[in-house]
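Please open the model in your viewer, with the sequence panel beside it, and keep the selection tool at hand for a short tour.

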Amino acid sequence: MTLFVWHYDGVSGVRYDTELVPVEHGFQLRTDAGVGVVHAWTDLLPRGVKNGDLVYGLKNRRGWQIGFAQPVPDTIAKLITPPAKYGHVIDRFGFLPAAGAFAAVSAVALFIGIKAPDWVAPFVPQSWEKKLGDAMVGDFGGRFCNGPGSRAALNALSNRLDPSGPPIEIQIANISMVNAVALPGGKIVIFRGLLQESKSPDELAGVLGHEMGHVRNRDVMQALLRQTGLSVLMGGFNSDATGYVNAMISATYSRDAESKADTHAIGLMKQAKISPIDTAGFFERIGKDEKKLGKASAALGYLSSHPLSESREKSFRNSVVKGTTYTAAITPDQWSAILDSCHDDPNVAKDDGFMF
């Protein structure tokens with residue numbers, strides 16, 4: 001008997017479609033590359049339900065997951081730990097006391113998770129934040145682009161902007177949405193649609209510097225807590241990484257956070273002697289799109305998570321220092337490598353209207 005399951009190995013962040021094959025004393029996973037090692041049934045740990053699929057982790061293997069996309073046969077179900085069932089508290093204390101307790105807990109969650117995210121976020125350990133970011137990156141499902149020279153070009157742009165700070169992991173996702181998103185744990189994802197919208201490497205440098213500002217100011221956890229309340233803290237990084245990616249894409253930073261991220265980007269560009277004028281043009285251009293299309297333009301794009309104002313565009317335009325000799329953020333060849341990173345990567349998953 002074999003079962004088709006999806007699988008994350010906890011290392012590559014790539015989702016595999018594979019077969020689960022019962023063998024003596026356990027099971028193996030079979031892929032095109034061959035059959036893996038034997039795992040004991042008792043090492044499978046229930047991780048809940050994700051998009052209707054029953055999810056299990058593996059003891060002592062962080063990030064390892066399999067998901068049953070079809071009903072688990074009784075012969076296998078009796079060998080594995082069943083998923084947790086809820087309702088014990090209600091059964092024990094009765095509906096009204098349990099409902100009252102739930103209401104009290106919800107009120108506390110509302111206050112701490114929504115009303116006070118700026119207070120909660122600094123106390124989230126960076127190690128926990130990194131694990132959450134790793135889980136969220138894994139849910140992009142092979143859509144990160146690595147065309148020839150693109151990784152080196154991204155590193156060159158990152159090092160030009162922020163040569164002395166802790167490393168920030170930057171990826172390009174093969175998704176047509178015009179957006180860039182900072183994820184927990186020092187990660188930034190640039191969507192292919194944003195590259196297609198960008199007119200120059202200097203323009204991208206300003207947007208990237210802005211996202212770096214969100215990372216350095218730890219705005220990411222504040223925005224995520226504001227969007228999800230306490231669920232991100234209570235659920236952990238294995239429970240709903242996809243939902244948290246979606247939350248970050250749709251999360252709106254506070255006006256103060258946006259202003260500080262702009263100031264950070266302007267400072268980075270000034271230090272690197274990269275002209276901010278193209279970034280001002282980017283904000284002016286998408287600001288005009290916002291006025292033309294209204295909320296529809298913000299629904300799935302950069303404006304949904306980065307609200308604009310005329311002052312933001314003016315901040316970049318006014319930061320131009322007369323007499324300064326500016327140089328392009330990266331070379332033309334490096335810029336081409338970044339622009340073509342998805343097109344030139346034969347292994348990247350196709351942009352098939354993927355949504356989180």
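The stops below go from a sheet to the nonpolar cores and then to a pocket, all in a predicted model.

Begin with the strands, and select the seven that form an open sheet, which reads E4-E3-E2-E1-E7-E6-E5 in order and is paired antiparallel. At its edges you will find strand E4 (34–35) and strand E5 (44–50), each of which pairs on one side only. Now narrow the selection to strand E2 (residues 15–23) and strand E3 (residues 26–31), which run antiparallel and are joined by five bridges; within this pair, Pro-22 stands opposite Phe-27 in E3.

Next, turn to the largest nonpolar core, which has 66 residues, and select Phe-140, Leu-161, Ile-188, Ile-190 and Met-248, the residues with the most contacts inside this core. A second, separate core of 16 residues can be picked up through Trp-41, Ile-66, Phe-68 and Ile-80, which are among its members. Returning to Ile-190, display its surroundings: leaving aside residues up to four places away in sequence, the residues that Ile-190 touches include Leu-154, Ile-170, Ile-172, Leu-195, Leu-204 and Leu-208, as well as Gln-171 and Asn-179.

Finally, move to the second largest pocket, which holds about 320 Å³ of space. Select Gln-126, Gly-185, Gly-186, Val-215 and Arg-216, which are the closest to its centre of the 15 lining residues. Which helix gives the most to this lining? Helix H5 does, with four residues, while H5 (126–138) and helix H8 (201–216) each supply at least two. Coloured by character, the lining residues divide into seven nonpolar, four polar and four charged.

Definitions and conventions. Residues are numbered from 1 along each chain as its sequence is written. This is a predicted model: local features need pLDDT of at least 70, side-chain atom pairs count only at pLDDT 80 or more; totals for chains, interfaces and linings use all residues. Side-chain values use heavy atoms; hydrogens and water are left out. A nonpolar core is a set of buried Ala, Val, Leu, Ile, Met, Phe, Trp, Tyr and Cys residues joined through side-chain atoms within 4.5 Å. Buried means under 20% relative accessible area, exposed over 50%, partly exposed in between (1.4 Å probe, protein chains only). Contact means heavy atoms within 4.5 Å. On a 1 Å grid over the protein atoms alone, a cavity is a set of points where a 1.4 Å probe fits but cannot get out, and a pocket is an open set with protein on both sides within 12 Å along at least five of seven lines; lining residues have an atom within 4 Å of a point. Grid points are joined across faces, edges and corners, and a volume is the space filled by probe spheres set on the points. Ala, Val, Leu, Ile, Met, Phe, Trp, Tyr, Cys and Pro count as nonpolar, Asp, Glu, Lys and Arg as charged, and the others, Gly among them, as polar. Two strands pair if DSSP finds at least two bridges between them.
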